[in-house]
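This report is a guided reading for someone who meets the structure for the first time. Please look at the sequence and the model together before going on.

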Amino acid sequence: MQTLEKLSHRFWYQTPVSETDRPILGLVIGEKRSLMIDAGNSEAHANEFLKELRNHGMSIPSIVVLTHWHWDHIFGLSTLDMLSVASTQTKAEIEKLVSFEWTDAALEERVEAGVEIEFCATAIKHEFKNERNIHVKLPELTFEESMEIDLGGVTCLLQHVGGDHASDSIIVYIKEEKILFLGDAIYANLYSSKWNYTIERTLELLDTIDRIDAEIYILSHWKPLTKVEYQKEAMLLRRVAALTKQYQGNYGEIKQAYHLQVNRELTADELETIEYFVNGY
């Protein structure tokens, strides 16, 4: 069950749902206007978020920002009566989806062709059931590398960062709250025959994130993390990236070296991360 949670004076978020791949949706509350982060994976998702805002006595946002082009972050846009903002790269990627059909047959055909992935096709079927009234709407306002939005008393910096998950990924830094909405930026590349991380892109992304003075980090399909919790995740990625380079993508040698570093049995998350870096080597 999704709930609306207050994280700070200026920021609320709606919890994710793994079964239908609903990501976290964010709300930044300014003195002049409010901003929604991501549009949801369906009109139902977006409308439930707005309903929760009303239930808590909050006004509907006037701006929505898209973190990247993947379906679960944009399919709710068609029901939102507000200014939509995205990077030029994100808009270009969304344009490719406009002519698509979303029937089971169409989804399966695109999976077979390598255009879509089974994971997303299955989640779309679960979210929409047999009612596939999907209308892909394009964002109205675009930017190249960065944009700053003053909401009144709180400022949002939108910054393109790319990464393996999606080359168009942006992050949203809520300056006064020191909250960094990472979206899916630090996740692996799923649109590949083998899910993967690459060494160079991962390290470049982590270096970019480290230059931002944040105290809370939000991962769209998990939860808000403290700085210590985020640094633990980042250290895992950095360690495995370094070992992947050192041992030239040899899974067994990387696993053994990492085991010696941490001096304990490896977790499922650590083993998966090693596998993804090996896949991307």
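Ser 87 is a convenient place to enter the structure, which is a predicted model. Leaving aside residues up to four places away in sequence, Ser 87 touches Thr 142, Phe 143, Glu 144, Asp 168 and Ile 170. Ser 87 belongs to strand E6, and with a relative accessible area of 0% it is buried. Its side chain also makes a polar contact of 3.0 Å with the side chain of Thr 90. Helix H3, made of residues 88-95, lies across strand E6 (83-87) and E7, and its direction runs at about 100° to that of E6.

**The sheet**

Strands E6 and E7 are part of an open sheet of seven strands, whose order is E1-E2-E3-E4-E5-E6-E7 and whose pairing is mixed. Strand E1 (4-6) and strand E7 (141-143) stand at the edges; each has a single partner strand, so one side of each is left without a neighbour in the sheet. From one strand to the next the twist averages 25°.

How do E2 and E3 pair, and over how many bridges? They pair in the antiparallel sense, over four bridges, and within this part of the sheet Tyr 13 stands opposite Gly 26 in E3. E3 and E4 likewise pair in the antiparallel sense over four bridges, with Ile 29 standing opposite Ser 34 in E4. The connection between E3 and E4 is a hairpin, which joins them through four residues. On the next step across the sheet, strand E4 (residues 34-37) and strand E5 (residues 63-65) run parallel and are joined by three bridges, and here Met 36 stands opposite Val 64 in E5.

Helix H1 packs on this sheet, where it touches E1, strand E2 (11-14), E3 and E4, and its direction makes about 40° with that of E3. E3 itself is mostly covered, since four of its five residues are buried.

**Two nonpolar cores**

The largest nonpolar core has 35 residues, and those with the most contacts inside it are Met 36, Phe 49, Phe 75, Leu 80, Trp 102 and Ile 124. Strand E3 (25-29), helix H1 (43-55), helix H2 (71-74) and helix H5 (118-128) each supply at least two residues of this core. Which of these elements gives the largest share of the core? It is H5, from which five residues come. Ile 124 shows how the contacts of one core residue spread through the sequence: not counting residues up to four places away, it touches Trp 71, Phe 75, Trp 102, Leu 107, Lys 129, Arg 132 and Ile 134.

A second, separate core has 33 residues, among them Leu 225, Tyr 230, Leu 236 and Phe 277. Tyr 230 has its place in helix H7 (residues 227-246), and it is buried, with a relative accessible area of 1%. Beyond residues up to four places away in sequence, Tyr 230 touches Leu 182, Ile 186, Leu 206, Ile 209, Asp 210, Tyr 217 and Leu 225. Tyr 230 and His 70 are 160 residues apart in sequence, and their C-alpha atoms are 23 Å apart in space.

**Two loop residues with positive phi**

Asp 38 is found in the loop between E4 and H1, and although it is not a glycine, it has a positive phi of about 70°. Lys 129, in the loop between H5 and E7, is another residue other than glycine with a positive phi, in this case near 50°. Are these two residues buried or exposed? Asp 38 is buried, with a relative accessible area of 0%, whereas Lys 129 is exposed, with a relative accessible area of 55%.

The table gathers the accessibility of the single residues discussed above.

| Residue | Relative accessible area | State |
|---|---|---|
| Ser 87 | 0% | buried |
| Asp 38 | 0% | buried |
| Tyr 230 | 1% | buried |
| Lys 129 | 55% | exposed |

Lys 129 also links this part of the account to the largest core, as it is one of the residues that Ile 124 touches.

Notes:
Residues numbered from 1 in each chain as written. Predicted model: local features only at pLDDT ≥ 70, side-chain atom pairs only at ≥ 80, totals over all residues. Heavy atoms only, no water. Core = buried A, V, L, I, M, F, W, Y, C linked by side-chain atoms within 4.5 Å. Buried < 20%, exposed > 50% of the residue type's maximum accessible area, 1.4 Å probe, protein only. Contact = heavy atoms within 4.5 Å. Pairing = 2+ DSSP bridges. Axes fitted to C-alpha atoms, helices over the stretch in contact; angles between N-to-C directions. Polar contact = N/O pair within 3.5 Å; in protein donor to acceptor, adjacent residues only side chain to side chain.
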